[in-house]
Amino acid sequence: MRQRSTVFAALAATISLGLAGCGQPAAVQPPPGKQELPVTTAVPQADPAARWAGGYCDAVTHLVRALAALPAVDPSTPQKASRTSSDLLSSVVDGLDQSLSGLKALGAPPVPSADGGRKDVIGQFTEIRAAAETARRRIEAARGNATATKDALGQARATLDRLDALDYLKGLKDVPALTAAEQRAPACRQLDQPAG
């Protein structure tokens with residue numbers, strides 16, 4: 001999950017440029033070195049906790065992929081800043097939708113009383129998804145209005161900051177048996193690889 005800090009550093013710079021640069025003649029490029037994260041679930045059948053942890057990490061990988069491949073924000077005009085910021089937020093919402101679908105379909109872990117972390121992450125993803133969609137709609141409604149666009153971009157940045165503050169693997173780290181299972185799941189090990 002270490003690549004998250006690089007992605008969000010680029011996002012913070014992108015949104016900041018969008019906030020400060022409406023009307024400036026420069027487009028911000030997407031973060032360099034997009035890294036495809038393969039979904040790998042080859043876990044021995046005799047290890048249900050590791051299989052579950054792998055499924056959890058597979059679900060979270062959808063959001064990580066979406067964040068690593070976010071479109072650029074073009075702050076050269078308020079109209080372009082609105083359109084490209086809306087596209088960025090749509091990508092965030094899509095990634096959250098896919099991760100939420102996977103986390104919900106996964107069900108409770110095969111460890112007694114260990115589902116609190118997954119449920120917390122689902123709740124937080126759901127709240128942030130709603131905030132991202134609200135920010136996207138505000139940006140759409142503000143098109144052509146520089147002041148309203150800057151306000152909407154501020155809301156978008158706050159939403160991305162909330163997403164950055166989350167511990168995606170909380171559903172595993174709160175339970176020692178699942179923390180150990182995470183170490184045995186290839187999909188989780190892939191998430192812990194540093195960005196290349």
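I began with a cut-off: a residue counts as buried when its relative accessible area is under 20%. At 0% relative accessibility, Thr149 therefore counts as buried. I note here that the model is a predicted one.

**Entry 1. Overall make-up**

I looked up the secondary structure of the protein chain and found eight helices and zero strands. Read from the N terminus, the order of elements is α-α-α-α-α-α-α-α. I then turned to burial: 47% of the 196 residues in the chain are buried. For contacts with a separation of 6 or more, I recorded that 78% join residues 24 or more positions apart.

**Entry 2. Thr149**

I returned to Thr149 and placed it in helix α5. I looked up its distance to Ala81, which lies 68 residues away along the chain, and the two C-alpha atoms are separated by 7.8 Å.

**Entry 3. The nonpolar core**

I asked how many residues the largest nonpolar core has. It has 46 residues, and those with the most contacts inside it are Tyr56, Val92, Phe125, Leu163, Tyr168 and Leu172. I listed the elements that give two or more residues to this core: α2, α3 (78-106), α4 (116-142), α5 (146-165), α7 and α8 (186-191). Helix α2 provides the largest share, with 11 residues.

I followed one of these core residues, Val92, to its contacts. Leaving out residues up to four places away in sequence, Val92 touches Leu63, Leu67, Leu70, Ala132, Leu160 and Leu163.

**Entry 4. Ser99**

I located Ser99 in helix α3. Its relative accessible area is 0%, so Ser99 is buried. With residues up to four places away in sequence set aside, I found that Ser99 touches Ala59, Val60, His62, Leu63 and Phe125. For the pair Ser99 and His62, 37 residues apart along the chain, I noted a C-alpha separation of 5.5 Å.

**Entry 5. Helices α2 and α7**

I examined how helix α2 (residues 48-68) meets helix α7 (residues 176-184). Their axes come within 8 Å and cross at roughly 75°. An angle of 65 to 115 degrees counts as roughly perpendicular, and α2 is therefore roughly perpendicular to α7. From α2, the contact involves Ala49, Ala50, Trp52 and Ala53; from α7, it involves Leu178, Ala181, Glu182 and Arg184. I sorted the residues of this contact by type and obtained six nonpolar, no polar and two charged.

**Entry 6. The buried face of α7**

I next asked which residues of α7 are buried. They are Leu178, Ala181 and Glu182. Viewed down the axis of α7, the buried residues fall within an arc of 110°, so they line one face of the helix. A general point helps here: an α-helix has 3.6 residues a turn, so residues three or four places apart point the same way. I also looked up what covers the buried residues of α7, and the elements include α2, α6 (170-173) and α8.

**Entry 7. The loop between α3 and α4**

I went through three residues of this loop in turn.

Pro110 lies in the loop between α3 and α4. Its relative accessibility is 44%, so Pro110 counts as partly exposed. Apart from neighbours within four places in sequence, Pro110 is in contact with Pro48, Ala49 and Trp52. The C-alpha atoms of Pro110 and Leu178, 68 residues apart along the chain, lie 9.2 Å from each other.

Ser113 has its place in the loop between α3 and α4. I asked whether Ser113 is buried or exposed. With a relative accessible area of 83%, Ser113 is exposed. I also checked its backbone: Ser113 has a positive phi of about 55° although it is not a glycine. In general, most residues other than glycine have a negative phi.

Ala114 is also found in the loop between α3 and α4. At 3% relative accessibility, I entered Ala114 as buried. Not counting residues up to four places away in sequence, Ala114 touches Pro109, Val175 and Leu178. I recorded 8.2 Å from C-alpha to C-alpha for Ala114 and Leu178, which are 64 residues apart in sequence.

**Entry 8. Leu178 across the entries**

I closed by collecting what I had noted on Leu178. This residue is buried in α7, takes part in the contact with α2 and is touched by Ala114 of the loop.

Terms used:
Residues are numbered from 1 along each chain as its sequence is written. This is a predicted model: local features need pLDDT of at least 70, side-chain atom pairs count only at pLDDT 80 or more; totals for chains, interfaces and linings use all residues. Side-chain values use heavy atoms; hydrogens and water are left out. Axes are lines fitted to C-alpha atoms, for helices over the stretch in contact, and angles run from 0 to 180 degrees between N-to-C directions. Helices (H or I, at least four residues) and strands (E, at least two) are DSSP runs, numbered from the N terminus. Angles under 35 degrees count as roughly parallel, over 145 as roughly antiparallel, 65 to 115 as roughly perpendicular and the rest as oblique. Contact means heavy atoms within 4.5 Å. Ala, Val, Leu, Ile, Met, Phe, Trp, Tyr, Cys and Pro count as nonpolar, Asp, Glu, Lys and Arg as charged, and the others, Gly among them, as polar. A nonpolar core is a set of buried Ala, Val, Leu, Ile, Met, Phe, Trp, Tyr and Cys residues joined through side-chain atoms within 4.5 Å. Buried means under 20% relative accessible area, exposed over 50%, partly exposed in between (1.4 Å probe, protein chains only). The arc is that of the directions from the helix axis to the C-beta atoms.
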